Amino acid sequence: MFKEIFKRHKPEFWKDYTGHFKNKQPQELNAVRFVVFDTETTGLDIVEDRILSIGAISIVDLRIDVGDSLETYVKQDVFNVGTVGIHGILKEGNIHKLSEAAAIKGFLGYVENAVLVAHHAAFDIAMVNAGLARMGLPKLKNKVLDTGVLFKKTSLCEKKQDHYSLDRLCAVFNLKKHDRHTASGDALITALIFLKVVSHLSKKRKPNLGDLLFNSDRRGLW
């Protein structure tokens with residue numbers, strides 16, 4: 001009975017979102033829809049800070065689909081003027097902004113059951129989950145890949161104990177840093193890095209989704 005009550009009180013958009021997980025993800029990478037995303041935030045405190053913007057772009061058939069992307073800015077109740085120099089997002093300004101709840105609702109509607117990809121994904125996932133918690137909802141259900149972790153699976157990684165920033169991986173793969181420190185810009189850069197890593201891993205043998213998801217040390221992913 002309590003399970004039914006719990007279920008009944010979930011909003012329709014959450015039911016729509018969770019309904020996408022009835023079927024298992026295919027193992028062949030070219031059959032998987034990946035959504036690469038990034039958040040810009042007021043700071044690094046998951047409890048106190050808030051999301052300023054979400055940028056996301058999809059990868060289908062191991063190709064970036066620029067026509068299938070998302071860029072959302074969030075109205076601010078919490079604002080840290082000290083971080084404006086990094087992300088450039090002002091509290092007011094002319095950019096159309098959504099409430100946190102509307103932004104997260106839109107994000108869930110966009111990602112559906114896609115495999116999420118982010119650089120140092122734990123933080124971005126935690127920030128979205130914190131927003132969901134404020135809405136009285138459970139955590140994201142999507143499988144998650146971290147490009148920082150994936151890079152360490154390649155022979156290009158010389159020191160697995162090192163911290164590989166997005167800037168450092170841009171240098172490794174000779175990528176230009178267009179729109180760095182914007183959510184959409186960093187999502188695109190991360191998507192390019194993801195495809196470079198998968199391409200490099202494929203030189204030895206063709207990996208499947210399970211190969212990418214497997215990590216002997218899962219600390220920091222959740």
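A residue is termed partly exposed when its relative accessible area lies between the limit for buried, under 20%, and that for exposed, over 50%. In the predicted model described here, R33 has a relative accessible area of 22% and is therefore partly exposed. The side chain of R33 meets that of D68 in a salt bridge, with a distance of 3.2 Å from N to O. Because R33 belongs to the loop between helix 2 and strand 1 while D68 belongs to strand 3, this pair ties together parts that are 35 residues apart in sequence.

The salt bridges number six. Among them is the pair of R168 and D162, whose closest N and O atoms are 3.2 Å apart; R168 is partly exposed, at 33% relative accessibility. Another salt bridge joins K177 to D167, with the closest N and O atoms 3.6 Å apart. K177 lies in the loop between helix 7 and helix 8 and D167 lies in helix 7, so the bridge ties together parts that are ten residues apart in sequence. Both partners count as partly exposed, K177 at 45% relative accessibility and D167 at 30%.

The interior was examined next. The largest nonpolar core contains 29 residues, of which F34, L145, I193, F194 and L212 touch the most other members. At least two residues of this core are supplied by each of several elements, including strand 1 (34-41), strand 2 (51-60), helix 7 (166-172) and helix 9 (209-213). Helix 8 provides the largest share, eight residues. When residues up to four places away in sequence are not counted, L212 touches L29, L145, L150, K153, F194, V198, L201 and P207. A second core, separate from this one, has 27 residues, including F13, L70, M127 and V144.

Helix 4 was considered in more detail. The helix comprises twelve residues (100-111), which at 1.5 Å a residue should span 16 Å, and this agrees with the 16 Å between its end C-alpha atoms. Its buried residues are A103, I104, F107, L108, Y110 and V111. Viewed down the helix axis, these residues fall within an arc of 165 degrees and therefore line one face of helix 4. In an α-helix, residues three or four places apart point the same way, because there are 3.6 residues a turn. The buried residues of helix 4 pack against helix 2 (12-19), strand 1, strand 2, strand 3 (63-73), strand 4 and helix 5 (121-134). G109 is also located in helix 4, but this residue is partly exposed, with a relative accessible area of 48%. Although G109 and Y17 are 92 residues apart in sequence, their C-alpha atoms are 6.5 Å apart in space. Just after the helix, E112 adopts a positive phi of about 50 degrees.

Aromatic contacts were also surveyed. Six aromatic pairs are found in the whole structure. One of these, formed by F37 and F107, is tilted, with 5.2 Å from centre to centre and 45 degrees between the planes. Since F37 is part of strand 1 and F107 part of helix 4, the pair ties together parts that are 70 residues apart in sequence. Both rings belong to buried residues, F37 having a relative accessibility of 1% and F107 one of 0%. In addition, W14, Y17 and F21 are linked by ring pairs into a cluster.

Definitions and conventions:
Residues numbered from 1 in each chain as written. Predicted model: local features only at pLDDT ≥ 70, side-chain atom pairs only at ≥ 80, totals over all residues. Heavy atoms only, no water. Core = buried A, V, L, I, M, F, W, Y, C linked by side-chain atoms within 4.5 Å. Buried < 20%, exposed > 50% of the residue type's maximum accessible area, 1.4 Å probe, protein only. Helix = DSSP H or I, 4+ residues; strand = E, 2+ residues; numbered from the N terminus. Contact = heavy atoms within 4.5 Å. Expected span 1.5 Å × (residues − 1). Arc of directions from axis to C-beta. Salt bridge = Lys/Arg side-chain N within 4 Å of Asp/Glu carboxyl O. Phe/Tyr/Trp six-rings, centres within 6.5 Å; stacked < 30°, edge-to-face > 60°.
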